[in-house]
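Grab the model and work through a few exercises on sheets, a loop residue and a cavity. Try each task yourself before reading the solution.

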Amino acid sequence: PVSRGLRGQRILLLADGLRLNSSRRQQDFGEIPAMVDTAQVERVEVVRGPASVLYGSDAIGGVVNIITRKREGLDFSLSGGSCGTMESSVHFGKRRGNFSLFFSGELLNYDDRLENDRFERRGFSLHSAYEKNDLSLGISFFASLLDAGIPWNLGLSTPERRYGQDNFLITLPLSLRVGDAGSFDVKGSLHWNRYEFSDPQDEWN
């Protein structure tokens, strides 16, 4: 996204208030927003302009907060199109007493209109929480796995060149309300990723 002429590391991305990126994580190519299943987006909140007082230097250009649906039950969708395009998603949600659990999964596949023109992206998210009185404790997990063929390079066919990228994020939020005086919030997170490039015909690989 671009906000006030700034992009990349200067736009903070959140999912349900949980930080997805940082100043050290490049996100110009959409790999971080792709961690959230678009079929499960309820709304998107945008703060344009500096929000560094609340969020730090990551939010100089603005903040984008993706709010996901938290509904109970089981949902499944499947759609297809030309050139082997297929998209499917599943969502499950359950609340019982003070506990809640929500799971989402998505698969997007584009299969070889040209030689080595495949694209596949799989996404998963899991949210679980325990809430009682003034205490809220949760865990959230996001994963995005991408595998794509690269059919051309400098005008030459590359039938075996491919690119892969996996992103994972786990967050542990804790919130405790202290009477009418305010609340105590702590969020710990771990974000890791894997990149892979291969081409047996490339002597520089």
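## Exercise 1: the cavity

The largest cavity has a volume of about 90 Å³. We're working on a predicted model, where local features need pLDDT of at least 70, side-chain atom pairs count only at pLDDT 80 or more, and totals for chains, interfaces and linings use all residues. Residues are numbered from 1 along each chain as its sequence is written, and side-chain values use heavy atoms, with hydrogens and water left out.

**Task.** Find out which residues line the largest cavity closest to its centre, and which elements give two or more residues to the lining.

**Solution.**
- Start with the term: on a 1 Å grid over the protein atoms alone, a cavity is a set of points where a 1.4 Å probe fits but cannot get out, and lining residues have an atom within 4 Å of a point. Points are joined across faces, edges and corners, and the volume is the space filled by probe spheres set on them.
- Next, count: the structure holds one cavity of 30 Å³ or more.
- Of the 14 lining residues, Gln40, Thr68, Ser104, Ser125 and His127 are the closest to the centre.
- β9 and β10 are the elements giving two or more residues, and β9 has the largest share, three residues.
- Sort by class: five nonpolar, six polar and three charged. Here Ala, Val, Leu, Ile, Met, Phe, Trp, Tyr, Cys and Pro are nonpolar, Asp, Glu, Lys and Arg charged, and the others, Gly among them, polar.

## Exercise 2: the seven-stranded sheet

**Task.** Lay out the sheet that holds β9 and β10, and work out which strands stand at its edges.

**Solution.**
- Strands are DSSP runs (E, at least two residues), numbered from the N terminus; two of them pair if DSSP finds at least two bridges between them.
- The order is β7-β8-β9-β10-β11-β14-β15, an open sheet with antiparallel pairing.
- β7 (73-80) and β15 (182-198) each have a single partner strand, so they're the edges, with one side lacking a neighbour in the sheet.
- Zoom in on β8 (residues 86-96): 11 bridges tie this strand to β9, with serine 88 opposite leucine 107.
- The β8-β9 hairpin has two residues between its strands, and glycine 97 in the turn has a positive phi of about 60 degrees.
- Step on to β10: 12 bridges link β9 to this strand, and leucine 108 has arginine 121 as its bridge partner.

## Exercise 3: the four-stranded sheet

**Task.** Which strands make up the edges of the sheet with mixed pairing?

**Solution.**
- Read off the order of this open sheet: β4-β3-β6-β5.
- β4 (18-19) and β5 (41-48) pair on one side only, which puts them at the edges.
- For a parallel pair, take β3 (residues 11-15) and β6 (residues 62-68), joined by five bridges. Isoleucine 11 faces glycine 62 there.

## Exercise 4: a loop residue

**Task.** Is glutamate 115 buried or exposed?

**Solution.**
- Locate glutamate 115 in the loop between β9 (99-110) and β10 (119-132).
- Its relative accessibility is 57%, so glutamate 115 counts as exposed (buried is under 20%, exposed over 50%, partly exposed in between, with a 1.4 Å probe and protein chains only).
- Leaving out neighbours within four places in sequence, glutamate 115 still contacts Pro151, Ser157 and Pro159 (heavy atoms within 4.5 Å).
- Tryptophan 152 is 37 residues away in sequence, with a C-alpha to C-alpha distance of 9.4 Å from glutamate 115.

Terms used
On a 1 Å grid over the protein atoms alone, a cavity is a set of points where a 1.4 Å probe fits but cannot get out, and a pocket is an open set with protein on both sides within 12 Å along at least five of seven lines; lining residues have an atom within 4 Å of a point.
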